[in-house]
Amino acid sequence: MSMLVITGTGTGVGKTITTAAIAALAAGQGQRVAVLKPAQTGVGPDEPGDLADVLRLAGPVTTRELRRYPDPLSPEAASRLSGLPTLSPSEIAAAASDLNGEHDLTLIEGAGGLLVRFDADGASLADVAWSLGALVIVVAEAGLGTLNATALTAEVATKRGLTVAGVIIGSWPDDPDLAAVSNLRDLPVAAGAPLLGVLPAGMGDAEPEEFAAQARAGLSPWFGGEFDPECFVGRASAQK
């Protein structure tokens, strides 16, 4: 049994696509996979959320959502505005442990970054990861500004006793600029952990079979993929 916490350097960096890609590879290998989304924000009661994308792309994995808030804010702010109950790390950890007891891999996808607040006391995904003893995967942007955000995320994780297993670029542009190509070498330094994948922009629009193929090409053998960071860096650098 294993658990991974998927966090990002911010919102919109590709956490859901990364979560779906990891889930797709594991499910394709016959593993029992669960994906937990503790808090979904900015989505109405009858609208599809992030877990709908995971199911569409990764296939019939187990999914669970604990809270849904209609406003596109942090979970704590959205809860306060809507009057709906907040989440505690213990509730999230209990749900993750419950899922992990019946699955080979449990993925916990956060909302925004590692320290986004779940409640007024400042509980965050970092507290959840610590309570579970789960490894952390950091999903980062490709371009300018990503190194500082990645370094801050990794430093906070380390100071809180967490282990960052690696960093994944959640959306690699079709025509990467100099900063993006340079960051391929610098992101592992900023994260203090290896580059475990680079996923192409627009991957979420693919059909499940093509999505799985792109996940396999874009994720490290650590996840069951074929991604080789040195080869990818060499090819990207040669194009500049």
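This report covers the pockets, the annotated binding-site positions and the aromatic pairs of one structure. The model is predicted.

**The largest pocket**

The largest pocket has a volume of about 330 Å³. Its lining consists of 20 residues. Thr11, Gly12, Lys15, Asp50 and Gly112 are the ones nearest the centre of this pocket. Three elements each give two or more residues to the lining: helix 1 (15-28), strand 2 (33-41) and strand 4 (105-113). By class, the lining of the largest pocket holds nine polar, seven nonpolar and four charged residues.

**The second largest pocket**

The second largest pocket holds about 160 Å³ of space. It is lined by 13 residues. Closest to its centre are Val198, Pro200, Ala217, Gly218 and Phe232. Strand 7 (195-200), helix 8 (208-218) and helix 9 (229-238) each supply at least two residues of this lining. Here the classes are eight nonpolar, two polar and three charged residues.

**Annotated binding-site positions**

Which positions does UniProt list together for "binding site"? The unreviewed entry gives Thr16, Asp53 and Glu109. These residues are spread over 94 residues of sequence, yet they cluster in space. The largest C-alpha distance among them is 12.7 Å. Two of the set, Thr16 and Glu109, belong to the lining of the largest pocket.

Thr16 lies in helix 1. Is Thr16 buried or exposed? With a relative accessibility of 13%, Thr16 is buried, because the cut-off for buried is under 20%. Leaving out residues up to four places away in sequence, Thr16 touches Asp50, Asp53, Val54 and Glu109. Asp53 and Glu109, both contacts of Thr16, are also in the UniProt list. Asp50 is another of its contacts, and Asp50 is among the residues nearest the centre of the largest pocket.

Asp53 sits in helix 2 (residues 50-58). At 29% relative accessibility, Asp53 counts as partly exposed. The value is neither under 20% nor over 50%, so Asp53 falls in the class between buried and exposed.

UniProt also places a "binding site" feature, again from an unreviewed entry, at Thr41. Thr41 is found in strand 2. Its relative accessible area is 19%, so Thr41 is buried under the 20% cut-off. Beyond residues up to four places away in sequence, Thr41 touches Tyr69, Asp71, Leu73, Ser74, Pro75 and Ala78.

**Aromatic pairs**

How many aromatic pairs does the model have? The count comes to three. Two of the pairs are set out below.

| Pair | Arrangement | Centre to centre | Angle between planes |
|---|---|---|---|
| Trp222 and Phe223 | edge-to-face | 5.1 Å | 80 degrees |
| Phe227 and Phe232 | tilted | 5.6 Å | 50 degrees |

Why is the pair of Trp222 and Phe223 called edge-to-face? The planes are 80 degrees apart, and the class applies because that angle is over 60. Phe227 and Phe232 are 50 degrees apart, so their pair is tilted: the angle is neither under 30 nor over 60.

The partners in the edge-to-face pair are Trp222 and Phe223. Trp222 is partly exposed, at 46% relative accessibility. Phe223 is buried, with a relative accessible area of 7%.

In the tilted pair, Phe227 is buried at 4% relative accessibility. Phe232 is buried too, at 15%. Ring pairs also link Trp172, Phe227 and Phe232 into a cluster. Phe232 ties this cluster to the second largest pocket, as one of the lining residues closest to its centre.

Notes. Residues numbered from 1 in each chain as written. Predicted model: local features only at pLDDT ≥ 70, side-chain atom pairs only at ≥ 80, totals over all residues. Heavy atoms only, no water. 1 Å grid on protein atoms, 1.4 Å probe; cavity = no way out; pocket = protein on both sides within 12 Å on 5 of 7 lines; lining within 4 Å. Points joined across faces, edges and corners; volume = space filled by probe spheres on them. Helix = DSSP H or I, 4+ residues; strand = E, 2+ residues; numbered from the N terminus. Nonpolar A, V, L, I, M, F, W, Y, C, P; charged D, E, K, R; others polar. UniProt positions renumbered as here; feature names shortened; annotations may be inferred. Buried < 20%, exposed > 50% of the residue type's maximum accessible area, 1.4 Å probe, protein only. Contact = heavy atoms within 4.5 Å. Phe/Tyr/Trp six-rings, centres within 6.5 Å; stacked < 30°, edge-to-face > 60°.
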